[in-house]
Amino acid sequence: MHIKRYTIASLLLIAFVGWYVSTFVSSENITINLFGIVISSISISIWVMIPLLILYVASVIHMSFYSVVGSFKLRKYEKDYEKIIDCMVDAYLGKENRSHIFKTPRYKLLGTLIDNAKLFPTNLTSSSIEDAKISETIKLIESIKNGDVVDMKKMSLESNNPLVMQNNRNKYKSELLSAEDILGSPSNYDASFLKEVYTDFVKEAKLTAIENYKSNISLESLYVILDRINCENNTIEVSNALLIELFKTLEIDAKEYIKISSALRCMLPEQRMKLFEIVSSENDIATDAYLYTLFDLEMLEPANAILNLSQNDEYINFKAYSALKGCNKNFNINLFV
């Protein structure tokens, strides 16, 4: 009950009781001696009204106290509700290490579940949500998915966040960021995105620029560089020393080295042979690629010299190819790798 309404009703009741006593019970005055203190003569109706008034004051104090207590509890629920909204927003944005503190048990349980779950809006639209924070977040996600560029600074997301990465791709595709802007500030971007940009960058970049940002190389970008060696368009001349340096930054197995040799068929034969001679001398994994290169270039004598020094169970495929060549049987070397 509201205090104002209760006060009006109580005063009307007290007044009615006083009137009723003075009218229908007694209108006399009495004197009371309370602990030696003589209280002057007061009407009986007044004496009846005094306890009612005291009860009213006590009840108002009681209700006010629990009203304050209730408002504090309600405030906790309101605060926790706002935090749940923040939980949902952070989950939709894919934030890592989420941890919100709740003061009410039920919201604490719900918040803990959300903080430790991955959520992403699938069939929701910004117009279907009434809450402003969630609606704004969904609208931001929709914009990024549609290829738009949005301002995400206020979101405080990590550089490896999927939404941040996609937004950076949108900036790059929209030419708001150049490849050199991105590669020149590697700490601001995720490693996988840097590798993607570097792959595009090496398609036309000068050799010095390629070398400057070589820390972002991947197998994909390596093959782009190899395809440009001695090609007709955007040709570049790469030294064996630089190629070996690029090889060392990647995890390349025996089959991959053979693919690399095949991709270098436009390279001068002498340089190609020397390249894999050096690589195989430093890493036995590349010996297959060296043999493949020699046979591909019809350099049979140095290839057979390596095979003659090998164990019986080594390089069986190349020994078979060599034997067929000795019998004047011509097969494509690619059939044996």
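1. Let's start with the aromatic rings. Searching the whole of this predicted model turns up 13 aromatic pairs. Take Tyr198 and Phe201: their ring centres sit 6.5 Å apart and their planes meet at 35 degrees, so this pair is called tilted. If you wonder where those two numbers come from, a pair of aromatic rings is described by the distance of the centres and the angle of the planes.

2. Now look at where that pair lives. Tyr198 and Phe201 are both part of helix H7, which covers residues 191–201. They are three residues apart, about one turn of the helix. That spacing is worth remembering: an α-helix has 3.6 residues a turn, so residues three or four places apart point the same way. Both Tyr198 and Phe201 are buried, too.

3. Compare that with another pair, Phe295 and Phe318. Here the rings are stacked, with 6.1 Å from centre to centre and 10 degrees between the planes. Phe295 belongs to helix H13 (residues 287–296) and Phe318 to helix H15 (residues 316–326), so this pair ties together parts that are 23 residues apart in sequence.

4. Are these two rings buried or exposed? Phe295 has 1% relative accessibility, so it counts as buried. Phe318 is buried as well, at a relative accessible area of 0%. They also have company: ring pairs link Phe295, Phe318, Tyr321, Phe331 and Phe336 into a cluster.

5. Next stop, helix H10, residues 240–248. Which of its residues are buried? They are Asn240, Leu242, Leu243, Ile244, Leu246 and Phe247. The buried residues of H10 pack against four helices: H8 (207–212), H9 (219–228), H11 (254–263) and H12 (269–282).

6. Have a look at the surface as well. Leu13, Phe16, Trp19, Tyr20, Phe24 and Val25 make a nonpolar patch there of about 680 Å². One of them, Leu13, is found in helix H1, which covers residues 3–25.

7. Last, try Arg169, in helix H5 (residues 162–173). Its relative accessible area is 17%, and since the cut-off for buried is under 20%, Arg169 counts as buried. Which residues does Arg169 touch, leaving aside its neighbours within four places in sequence? The contacts are Phe193 and Glu196. Arg169 and Phe193 are 24 residues apart along the chain, yet their C-alpha atoms are separated by 7.8 Å.

Terms used. Residues are numbered from 1 along each chain as its sequence is written. This is a predicted model: local features need pLDDT of at least 70, side-chain atom pairs count only at pLDDT 80 or more; totals for chains, interfaces and linings use all residues. Side-chain values use heavy atoms; hydrogens and water are left out. Rings of Phe, Tyr and Trp (its six-membered ring) pair if their centres lie within 6.5 Å; planes under 30 degrees apart count as stacked, over 60 as edge-to-face and the rest as tilted. Helices (H or I, at least four residues) and strands (E, at least two) are DSSP runs, numbered from the N terminus. Buried means under 20% relative accessible area, exposed over 50%, partly exposed in between (1.4 Å probe, protein chains only). Contact means heavy atoms within 4.5 Å. Patches are made of residues with over 30% relative accessible area and no salt bridge: like charges are joined within 9 Å, nonpolar side chains (Val, Leu, Ile, Met, Phe, Trp, Tyr) within 5 Å. Accessible areas come from the Shrake-Rupley method with a 1.4 Å probe; for residues, only the protein chains shown count as cover. A salt bridge is a side-chain nitrogen of Lys or Arg within 4 Å of a carboxyl oxygen of Asp or Glu.
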